[in-house]
Amino acid sequence: MDGNGRWAKAHGVPRVMGHNAGMQAMKKIVIATSNMGIKYLTVYAFSTENWKRSTEEVSGIFNLIVKYVNSELEELDENNVHINIFGEYDMLPKASVDAINKMVGRLADNDGLVFNIALNYGGRDEILRSVKEIVAEGKDPDELTEDDISKHLYSGSAHFDVPDPDLIIRTSGEERMSNFLTWQAAYSELMFTDTLWPDFAPEEYTEMIEAYSNRDRRFGGRKEADK
Ligand code: IPE
Ligand code: MG
């Protein structure tokens with residue numbers, strides 16, 4: 001969800017207002033995803049590198065979490081949304097941790113859209129955690145499989161096993177992965193748009209999903225017709 005800062009600059013408002021507009025865009029995308037019958041959605045909300053930003057911006061983002069949990073929890077529940085957090089969020093301010101725990105707990109039994117929020121998340125950090133857990137379990141290196149690593153990632157140990165993403169969209173014209181789902185993205189289709197995240201609307205999202213459905217995914221194999 002990139003481009004909140006540039007959106008704020010373009011509108012001559014403080015950066016935190018860009019993040020607020022980003023939250024509103026996210027709300028609409030979550031509901032659109034649920035309505036399309038897509039089962040899994042993961043958003044990159046805050047990376048392990050985002051702590052480098054000013055305290056004002058970081059605490060502004062965390063305050064928005066509390067605000068949006070309070071205003072959106074009812075609607076998320078009505079839409080049968082389940083939430084997983086990918087990342088260690090216990091070092092966030094207590095009000096944010098409490099709000100997140102309340103939200104995750106309230107939606108725990110829902111079996112609609114599985115909405116994963118990557119929060120204080122880094123792809124390399126996630127792989128490192130997985131390997132550490134496997135080593136701590138005393139796994140024989142000769143027996144170690146890719147599946148073992150997958151299972152110890154946030155996506156593999158979540159309440160609903162979250163499959164690798166089919167499609168990854170990055171907004172705001174940047175064309176990088178920036179430590180997002182580093183292990184899981186091995187065969188994901190990638191799409192980029194110049195639209196800044198706060199302006200990313202369900203219409204453009206739906207067009208991208210349609211374009212995705214016309215892509216030919218071979219996973220390193222060959223097209224049926226060419227065989
Ligand atoms: C994305 O928007 C939101 C977060 C990383 C929290 P940015 O804040 O990165 O926006 P730009 O890149 O400065 O425009
Ligand atoms: Mg950015």
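**Exercise 1.** In this predicted model, find out whether Glu-88 is buried, partly exposed or exposed from its relative accessible area of 31%, then find its salt-bridge partner.

*Solution.*
- Step 1: Buried means under 20% and exposed means over 50%, with partly exposed in between. At 31%, Glu-88 is therefore partly exposed.
- Step 2: The partner is Arg-129, with 2.9 Å between the closest N and O atoms.
- Step 3: Glu-88 sits in the loop between strand E2 (82-86) and H4, while Arg-129 belongs to helix H5 (residues 123-136), so this pair ties together parts that are 41 residues apart in sequence.
- Step 4: Arg-129 has 24% relative accessibility and is partly exposed too.

**Exercise 2.** Work out which helices the salt bridge between Glu-72 and Lys-27 ties together.

*Solution.*
- Step 1: The two side chains meet with an N to O distance of 3.5 Å.
- Step 2: Lys-27 is part of helix H2 and Glu-72 part of helix H3, so the bridge joins parts 45 residues apart in sequence.
- Step 3: Glu-72 is buried at 13% relative accessible area, whereas Lys-27 is partly exposed at 33%.

**Exercise 3.** Describe the surroundings of ligand 1.

*Solution.*
- Step 1: Look for the residues around ligand 1: there are 13, and Arg-53 is among the closest.
- Step 2: Check the polar contacts. An oxygen atom of ligand 1 lies 2.7 Å from a side-chain N or O atom of Arg-53, and one lies 3.0 Å from such an atom of Asp-2.
- Step 3: Turn to cover: the protein hides 85% of the 380 Å² of accessible area that ligand 1 has on its own.
- Step 4: Sort the shell by type, which gives three nonpolar, five polar and five charged residues.

Terms used. Residues are numbered from 1 along each chain as its sequence is written. Chains are lettered from A and ligands numbered from 1 in the order in which they are written. This is a predicted model: local features need pLDDT of at least 70, side-chain atom pairs count only at pLDDT 80 or more; totals for chains, interfaces and linings use all residues. Side-chain values use heavy atoms; hydrogens and water are left out. A residue is near a molecule or strand if one of its heavy atoms lies within 4 Å of it. A polar contact is a pair of N or O atoms within 3.5 Å; within protein, one must be able to donate a hydrogen and the other to accept it, and residues adjacent in sequence count only if both atoms are side-chain atoms. Accessible areas come from the Shrake-Rupley method with a 1.4 Å probe; for residues, only the protein chains shown count as cover. Ala, Val, Leu, Ile, Met, Phe, Trp, Tyr, Cys and Pro count as nonpolar, Asp, Glu, Lys and Arg as charged, and the others, Gly among them, as polar. A salt bridge is a side-chain nitrogen of Lys or Arg within 4 Å of a carboxyl oxygen of Asp or Glu. Helices (H or I, at least four residues) and strands (E, at least two) are DSSP runs, numbered from the N terminus. Buried means under 20% relative accessible area, exposed over 50%, partly exposed in between (1.4 Å probe, protein chains only).
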